[in-house]
Amino acid sequence: MKRIRLLVLSMTVMAIAAMSPTVGAQDVQSLEKDIETHEKNIKQNEEAIRELQERIDELKSQIKDLESQKKALEKELKSETKLRKEKFATRDDLVYEQEIADVLYNPYNKADIDEALRSFEGMETKDVMKKRELVEKYGEYTKDLKEFMEKMKKQLSANKWKYLSSTSDLYKKFEKELKGTKYWKVYNKKEKNESIDYLDRVMDKIMLLKNDGLKSESQFNEILNMLYAN
């Protein structure tokens, strides 16, 4: 019985010894196969990275070229914008001189004003567009000045056109209400800002009349007649 047990034990040991090298060999082969797979993946990744880097370098070169083209276009755009602005200014000035300026040099005429306002369409030059408001308000300024002069004529007539000193109440009233007219602010700043040439001449005559004591009825009527609009 004892011999049988020893025999079985001996056979078991031999079997294990025989199996051990086979199991070890299979583990090595599996690991080597995995290693080969990893190495293959590594090479593939390295190749993909290399190709991507080449693509990145190519795109960087393209971006640099595009940036250069962009700068060139921006420079050209700036130049074209400047030239356009200059041409527009020249064009607007020419249209103003040919089609609009005369209406501010001559007595107010509604038909001429309406036509002049149409000439402003399409303009964009700031210095020229500032004059549009003068054209638009020409009639309003003229009407306001005329009403002022008609009102003062009654009072000066009642005073029989006697000479008025700068200290007299009527003189002071005339001066105060003249400065309260709608065109006064424009006229008072005409040295620095745009104004209406015709009304400037009217105002110049009013100032001369005032400084001379408001005593001339004929001069007064001459000025008043200049304000009767068409």
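This section describes the pockets, aromatic contacts and selected loop residues of a predicted model. Local features were taken only at pLDDT of at least 70 and side-chain atom pairs only at pLDDT 80 or more, whereas totals for chains, interfaces and linings use all residues of this predicted model. Residues are numbered from 1 along each chain as its sequence is written, and side-chain values use heavy atoms, with hydrogens and water left out.

Pockets were sought on a 1 Å grid over the protein atoms alone, a pocket being an open set of points with protein on both sides within 12 Å along at least five of seven lines, and lining residues having an atom within 4 Å of a point. Grid points are joined across faces, edges and corners, and a volume is the space filled by probe spheres set on the points. The largest pocket encloses about 290 Å³. Its lining is formed by D127, K130, E133, L134, Y141, K182, K185, V186, K189, K192, N193 and E194. Two or more of the residues in this lining are given by each of α3 and α5, where helices are DSSP runs (H or I, at least four residues) numbered from the N terminus. Helix α3 provides the largest share, five residues. Eight lining residues of the largest pocket are charged, three are nonpolar and one is polar; in this scheme Asp, Glu, Lys and Arg count as charged, Ala, Val, Leu, Ile, Met, Phe, Trp, Tyr, Cys and Pro as nonpolar, and the others, Gly among them, as polar.

The second largest pocket has a volume of about 170 Å³. It is lined by 13 residues, of which E99, I100, D102, V103 and D112 are the closest to its centre. At least two lining residues come from each of α1 (2-105) and α2 (110-119). The composition of this second lining is five nonpolar, four polar and four charged residues.

Five aromatic pairs were counted, a pair being rings of Phe, Tyr and Trp (its six-membered ring) with centres within 6.5 Å; planes under 30 degrees apart count as stacked, over 60 as edge-to-face and the rest as tilted. In the pair F148 and F174, the ring centres are 5.1 Å apart and the planes stand at 55°, so the pair is tilted. Because F148 belongs to helix α3 and F174 to helix α4, this pair ties together parts that are 26 residues apart in sequence. Both rings belong to buried residues (under 20% relative accessible area with a 1.4 Å probe, protein chains only; exposed is over 50% and partly exposed in between), with relative accessibility of 5% for F148 and 0% for F174.

F148 is also one of the residues touched by T181, together with D144 and L145, not counting residues up to four places away in sequence; contact here means heavy atoms within 4.5 Å. T181 is placed in the loop between α4 (169-179) and α5 (184-188) and is buried, with a relative accessible area of 6%.

Charges also sit over aromatic rings, the criterion being NZ of Lys or CZ of Arg within 6 Å of the ring centre and within 35 degrees of the ring normal. K131 lies over the face of Y96 at 4.0 Å from the ring centre, and R201 over the face of Y105 at 4.3 Å.

Positive phi values in residues other than glycine occur at K160, near 60°, and at L214, near 55°. K160 is located in the loop between α3 (126-158) and α4 and is exposed at 65% relative accessibility. L214, in the loop between α6 (197-211) and α7 (217-225), is buried, with a relative accessible area of 0%.

Conventions. On a 1 Å grid over the protein atoms alone, a cavity is a set of points where a 1.4 Å probe fits but cannot get out, and a pocket is an open set with protein on both sides within 12 Å along at least five of seven lines; lining residues have an atom within 4 Å of a point.
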